[in-house]
Amino acid sequence: MAMAESGWTKEKTVEFIAIQKDMDTKEKLGQYFDEWAPNYDQAVTSMGYIGPSLTANLLQKYVKSKDARIFDVASGTGLVGEVLAGSGYTNIDAVDGSAASIEVARKKNIYTNLYVQWLGGDNKLNINNDSYDAIICVGAFAFNQLESDVLPEFIRVVKPGGYILINMRTRWLRLVSQFSDGKLEGDMAKLENEGKWKLVERHVKEEKDSEQNVVTFIHQIC
Ligand SMILES: C[S@@+](CC[C@H](N)C(=O)[O-])C[C@H]1O[C@@H](n2cnc3c(N)ncnc32)[C@H](O)[C@@H]1O
């Protein structure tokens with residue numbers, strides 16, 4: 001159904017993006033993304049959202065085998081998986097806390113396993129150590145969503161030599177209190193100092209309006 005037919009307008013998308021920082025519990029965040037799920041793809045695509053294609057293209061530079069086991073963390077409705085599947089990757093799993101988003105993703109028939117789960121705090125993944133060749137996580141390090149406490153779990157489930165790609169808006173590094181003053185990058189560096197992973201690329205996509213810049217952190221597991 002087109003956005004206009006569903007009653008979802010561009011103004012509603014702008015309003016939704018603006019209120020995201022008020023979704024300060026997992027319940028509110030879940031309702032927010034569940035409500036958005038049926039219209040999310042069209043809404044963000046029409047706003048020029050490039051995170052999924054940008055990050056999936058970066059992944060191709062590091063993960064050459066199309067059979068590689070890839071985990072799309074905070075997959076939402078599966079925009080990242082769609083790009084990866086379109087590039088020939090055949091073995092992709094997804095996890096997201098929004099059940100309605102996962103149902104949209106499931107219908108695309110691009111993921112092998114899909115999990116509904118909120119990550120962070122004491123919530124551990126029910127996944128064996130060293131299961132994946134790569135994690136790709138796009139657009140979920142933001143207000144009230146993922147924080148650095150998930151990084152040890154990311155590292156645990158990726159094989160030594162595998163990659164973790166985290167894509168986010170650079171402005172969140174400044175505006176989200178858990179990330180600001182170098183805290184997020186400091187937590188990443190601490191894990192590197194502990195010998196858990198190594199930063200292989202910090203890729204910044206610069207836009208005309210620098211507030212729209214996005215950064216992708218690419219780490220390799222030790
Ligand atoms: C902006 S969307 C991005 C979705 C997809 N990666 C994309 O780029 O289109 C953020 C997604 O992260 C999920 N999310 C946020 N925080 C999460 C958490 N703590 N655990 C699991 N999923 C989370 C939300 O439910 C939402 O689907």
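The legends below describe close-up views of a predicted protein model.

**View 1. Confidence along the protein chain.** In this predicted model, local features need pLDDT of at least 70 and side-chain atom pairs count only at pLDDT 80 or more, while totals for chains, interfaces and linings use all residues. Residues are numbered from 1 along each chain as its sequence is written, and side-chain values use heavy atoms, with hydrogens and water left out. The mean pLDDT (the predictor's confidence in each residue, from 0 to 100) is 95 for the protein chain, and 98% of the residues score at least 70. Among the chain's elements (DSSP runs numbered from the N terminus: helices, H or I, of at least four residues; strands, E, of at least two), strand β4 (residues 132-138) has the highest mean, 99, and helix α1 (residues 3-6) the lowest, 63.

**View 2. The two domains and the area between them.** Domain 1 covers 3-46 and domain 2 covers 51-221, with bounds from an automatic or database domain assignment. Their centres, taken over C-alpha atoms, lie 21 Å apart. Contact (heavy atoms within 4.5 Å) involves 14 residues of domain 1 and 15 of domain 2. The domains bury about 1,200 Å² between them, 59% of it on carbon and sulfur atoms; buried area is the accessible area (1.4 Å probe) that two parts lose on being put together, summed over both. Q20, K26 and D41 supply 37% of the area that domain 1 buries against domain 2, more than any other three residues.

**View 3. The salt bridge between the domains.** One salt bridge (a side-chain nitrogen of Lys or Arg within 4 Å of a carboxyl oxygen of Asp or Glu) is counted between domain 1 and domain 2. K108 and D41 form a salt bridge, with their closest N and O atoms 2.6 Å apart.

**View 4. A salt bridge between two helices.** The whole structure has 14 salt bridges. One of them joins E35 and K12 at 3.4 Å, N to O. E35 belongs to helix α3 (residues 26-46) and K12 to helix α2 (residues 10-19), 23 residues apart.
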